[in-house]
Amino acid sequence: MKTFVLVFAAASLLSASAQNTAVTPKTSAAKSTSKAQSSAKADPLAVHRAALVIDTHADTTQRFLDENWSMGDPLKGGNLNLESAKTGNLDAEFFSIWVEPEQYKGKYAHRTLALIDSVLQQAAKYPDQMRMAYSADDIVAARRQRKFAALMGIEGGHSIENDLGLLRDYYRLGVRYMTLTWSNSTDWADSSGDYTDEKVPHTKEGLTEFGKDVVYEMNRLGMMVDISHVADKTFYRTLVISRAPVIASHSSARALCDAPRNMTDEMLRAVAVNDGVVMVNFYSVFLSQDYRNAWLAQAPERKKATDELMGKFAAEKKPVDWNALLTVDREFAAKIPRPPFHVLIDHIDHIAKVAGVDHVGLGSDFDGVDSLPEGIDSAADLPKITQALMARGYSAADCDKILGGNFLRVFRKVEAVGHQLQAEGRPRITQHQPGEKK
Ligand SMILES: [Zn+2]
């Protein structure tokens, strides 16, 4: 994926710059100068370097906590570190605060706090190269300071343990988005991961009354409501309830790859009406139907290997080593050929066509997945996305939006809605929380 067609992009920029120029050069000398300048402007690498690049989902956090690995270390099989971020001009990353729901049952808040601490510790460890960011302005400021901006998003509403106080505490510690569910449904919202499982209790309308309170309280705090992972019903219910635009921090298009956690065209259009943004997930299993089919066919064999490993941990009375489990997943993934790079661009292109170019961005899922398309191995490869988009005719301004501009717009709007709701001082929808004495 190292050869790129620059013709379309150069041509579209040339016509754009001609329209913007008050006096159109008439001489051939002037023309060739103008063309040279436009070609220079149309250099996708230059466009990528000039853009503010934001990725809204990486699971690197568990490496900090469980592997004692740091952002200054070599990748060692991972997808993101300070060096790769610099090479790929990645300005800001949302580190996922993800609590495995089985292993940490009864200890969700403890694990959530430990993960948050691990991100804050990384920023403290590299003060010259990275900093925490808590707002859209912080992301812009970090870029000006030439520092990598670290942000946090909770993956899975179970982290709040049905308690709005905990939600507020997480906000105070810097968390700026929360997916209402991970692959597990909560007491108040349904997940696409277990929606067809009849043993799991589900809500009537996608969100319970408390679930609506959670959404309202997130709106009031200025925390982004993230609909990645939720069941379709919960998605639609959330759009009705939310006062602010929503995000999908790491979701792809179901029309191109039939995964329940990908978004249908109808959902993509609904996000556009809501003025939200869908950040495309890079996982091969969500991008390529061929890859997904091969992966599904492996399922029984993979489950057997995973169960054996889990049994071993249990027999030795050791905590589950998720890295060892990921290694098993990677071994299985390695048996399937990686999908070609263009599948990733196909999803960005599809969402841009269905929802509009103002409603798509990047949500890699780096360090959380066992297979990425060919050509994408780490954050250092992000410029290839800009190159491929421009080869398909996307302008520099379009690329700016996709790479981070769209997300920044939504983040700012969510902040503004928060300020507005705080000024209104209205109580939340219901006053009771589960378990509260009435
Ligand atoms: Zn996820």
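What volume does the largest pocket have? In this predicted model, the value is about 1900 Å³. The lining of this pocket comprises 49 residues. Closest to its centre are Trp98, Trp182, Ser183, Trp322 and Asp329. Five helices each give two or more residues to the lining. These are α4 (61–66), α12 (284–287), α13 (289–297), α14 (299–315) and α15 (322–333). The largest share comes from α15, with six residues. By class, the lining of the largest pocket holds 16 nonpolar, 14 polar and 19 charged residues.

The second largest pocket has a volume of about 470 Å³. It is lined by 22 residues. Tyr108, Asn184, Ser185, Thr186 and Asp187 are the closest to its centre. The lining of the second largest pocket divides into five nonpolar, ten polar and seven charged residues.

Enclosed space was examined next. Rolling a probe the size of a water molecule over the atoms shows where empty space is left. A search of the whole structure returned one cavity of 30 Å³ or more. The volume of the largest cavity is about 40 Å³. Which residues line the largest cavity? The lining consists of Ile227, Ser228, His229, Val230, Asp232, Ser251, Arg254, Pro260, Arg261, Asn262, Met263 and Met267. Five of these residues are nonpolar, four are polar and three are charged. The nonpolar members are Ile227, Val230, Pro260, Met263 and Met267. Ser228, His229, Ser251 and Asn262 make up the polar group. Asp232, Arg254 and Arg261 carry the charged label.

One residue was then followed individually. Ile139 lies in helix α7, which spans residues 136–144. Is Ile139 buried or exposed? Ile139 counts as buried because its relative accessible area is 0%, and the cut-off for buried is under 20%. Beyond its neighbours within four places in sequence, Ile139 is in contact with Leu52, Ile54, Ala92, Ala133, Ala149, Leu151, Leu408 and Phe411. Every one of these partners falls in the nonpolar class. Ala150 is eleven residues from Ile139 in sequence. The C-alpha atoms of Ile139 and Ala150 are 8.5 Å apart in space.

Notes: Residues numbered from 1 in each chain as written. Predicted model: local features only at pLDDT ≥ 70, side-chain atom pairs only at ≥ 80, totals over all residues. Heavy atoms only, no water. 1 Å grid on protein atoms, 1.4 Å probe; cavity = no way out; pocket = protein on both sides within 12 Å on 5 of 7 lines; lining within 4 Å. Points joined across faces, edges and corners; volume = space filled by probe spheres on them. Helix = DSSP H or I, 4+ residues; strand = E, 2+ residues; numbered from the N terminus. Buried < 20%, exposed > 50% of the residue type's maximum accessible area, 1.4 Å probe, protein only. Contact = heavy atoms within 4.5 Å.
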